[in-house]
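Work through the exercises below with the structure open beside you, and try each task before reading the solution that follows it.

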Amino acid sequence: MNRIEKYNYNGRTDDEAVHERIHQVIKDYNGESGVPVITGFSSDEGVKRNKGTVGAAEGPFKVREKMSSYAFMNDLYDFGTIIGTENLEQSQQSLGDAVYEIYKNDSFPIIIGGGHETFYGHYLGGRQAFSGKIAILNFDAHLDLRDEIPSSGTMFHQILSADQEADYYCLGLQPQGNTKKLYDTADKFGVRYYTIDEVRETDAIDKVAEQLENYDAVLMTLCMDSIQQSASPGVSAPSPNGYTPLEIHKLISRFATLPNLKSFDVSEVSPPLDINDQTSAMAASIIHKFLSVRASF
Ligand SMILES: N=CN[C@@H](CCC(=O)O)C(=O)O
């Protein structure tokens, strides 16, 4: 079991008597039901193995720092952060165990990565909690379907090659970031994938939203490299023509209200690569938007 570190939220307090910012309302998670639970996964190992630029291990702390003073008045809990090691497989299992504990109590994990290898741990918890058909909804510049040792570029290959009951939807692909081999792999597994242009210019989103209704559980994941580089520069593999902040806020809001959505992770924020904390702030604003739009957990 990996070490779990608690986060100490701090921020502006306007009036001691009124609890209206995240750092004032957030509590340690102790098994409560029907609540959103922030959970960190501090890991660089997946990006390192994928030959990317490391730094995402600092994401869970920096994104919480940005969220701390955001106006917020509803229930919110924090599980702590799983501290990843070079033993990525064990770290992902520890994240899966944490996520499973939250699901078991009928609560809703909101996970802050870590490299996108975060999603494999997220999935392990989801698969343990939910039998039947699972949909993975990934907003990403990359398919992450490499058939190699586990990294931040392999999670969906790992899942689809072992789980017949999991379907993969990928929205926002950057053509320059995915080779023919990755597209062939996607076709082999029947992945429903859409480039950024298809998301913008077709009815892909409506179609996907309709198809997602047919699953027992939907697990949603956002790779911050799917957002345009000028708004999300602090990632290992930036996208000059990724989602605009408005586009990604709209998309996350749209899918946040799916009744069968069980959890959400935001991955790949790398504070050492960031400019003026823009990427951490963007991730924090997306989580805040998600919390505001999804009325019940
Ligand atoms: N979604 C994240 N993907 C990987 C890059 C994928 C690739 O190199 O194909 C990452 O940043 O580590």
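**Exercise 1.** Which residues line the second largest pocket?

Solution. Keep in mind from the start that this is a predicted model. Begin with the stretch Leu145, Arg146, Asp147 and Glu148, then add His157, Thr179, Lys181, Leu182, Thr185 and Lys188, and the lining of the second largest pocket is complete. Next, look at where these residues come from: helix H7, which covers residues 180-188, gives the largest share of the lining, namely four residues. Sorting the lining by class then yields two nonpolar, three polar and five charged residues. Finally, the space in this second largest pocket comes to about 160 Å³.

**Exercise 2.** Describe the largest pocket, and say which residues lie nearest its centre.

Solution. The volume of the largest pocket is about 250 Å³. Its lining is made of 18 residues, and those nearest the centre are Asn50, His142, Asp144, Ser152 and Ala237. Taken by class, the lining of the largest pocket holds nine polar, five nonpolar and four charged residues.

**Exercise 3.** Is Ser152 buried or exposed, and what surrounds it?

Solution. First place the residue: Ser152 sits in the loop that runs between strand E6 (134-139) and helix H6 (155-160). Its relative accessibility is 5%, and because buried means under 20%, Ser152 counts as buried. Now turn to its neighbours, leaving aside residues up to four places away in sequence: Ser152 touches Gly46, Val47, Asn50, His116, Glu117, Asp144 and Glu268. With one of these, Asn50, the side chain of Ser152 makes a polar contact of 3.5 Å. Both Asn50 and Ser152 are listed among the residues nearest the centre of the largest pocket.

**Exercise 4.** How many salt bridges does a search of the whole structure find, and which parts of the chain does the pair Lys66 and Asp277 tie together?

Solution. The search finds 18 salt bridges. As background, side chains of opposite charge can pair when their charged atoms come close. One of the bridges joins Lys66 to Asp277, with a distance of 3.0 Å from N to O. Lys66 belongs to helix H3 (residues 59-67), whereas Asp277 lies in the loop between strand E10 (261-267) and helix H11 (278-293), so this pair ties together parts that are 211 residues apart in sequence. Lys66 itself, at 23% relative accessibility, counts as partly exposed.

A further bridge links Glu247 with Arg200, whose closest N and O atoms are 2.8 Å apart. Here the two partners come from helix H10 (residues 245-256) and helix H8 (residues 196-201) respectively, so the parts tied together are 47 residues apart in sequence. Glu247 is partly exposed at a relative accessible area of 23%, and Arg200 is also partly exposed, with a value of 31%. Elsewhere, salt bridges that share partners connect Glu45, Lys48, Arg49, Glu86 and Glu89 in one network.

**Exercise 5.** How many cavities of 30 Å³ or more does the structure hold, and what lines the largest cavity?

Solution. The structure holds one cavity that reaches this size, and the volume of the largest cavity is about 30 Å³. Around the largest cavity stand Asp44, Val47, Thr53, Val54, Gly55, Ala56, Ser236, Glu268 and Ser270. By class, this lining divides into four polar, three nonpolar and two charged residues. As a last step, compare with the contacts of Ser152, which include Val47 and Glu268, two residues that also appear in the lining of the largest cavity.

Technical notes. Residues are numbered from 1 along each chain as its sequence is written. This is a predicted model: local features need pLDDT of at least 70, side-chain atom pairs count only at pLDDT 80 or more; totals for chains, interfaces and linings use all residues. Side-chain values use heavy atoms; hydrogens and water are left out. Helices (H or I, at least four residues) and strands (E, at least two) are DSSP runs, numbered from the N terminus. Buried means under 20% relative accessible area, exposed over 50%, partly exposed in between (1.4 Å probe, protein chains only). A polar contact is a pair of N or O atoms within 3.5 Å; within protein, one must be able to donate a hydrogen and the other to accept it, and residues adjacent in sequence count only if both atoms are side-chain atoms. Contact means heavy atoms within 4.5 Å. On a 1 Å grid over the protein atoms alone, a cavity is a set of points where a 1.4 Å probe fits but cannot get out, and a pocket is an open set with protein on both sides within 12 Å along at least five of seven lines; lining residues have an atom within 4 Å of a point. Grid points are joined across faces, edges and corners, and a volume is the space filled by probe spheres set on the points. Ala, Val, Leu, Ile, Met, Phe, Trp, Tyr, Cys and Pro count as nonpolar, Asp, Glu, Lys and Arg as charged, and the others, Gly among them, as polar. A salt bridge is a side-chain nitrogen of Lys or Arg within 4 Å of a carboxyl oxygen of Asp or Glu.
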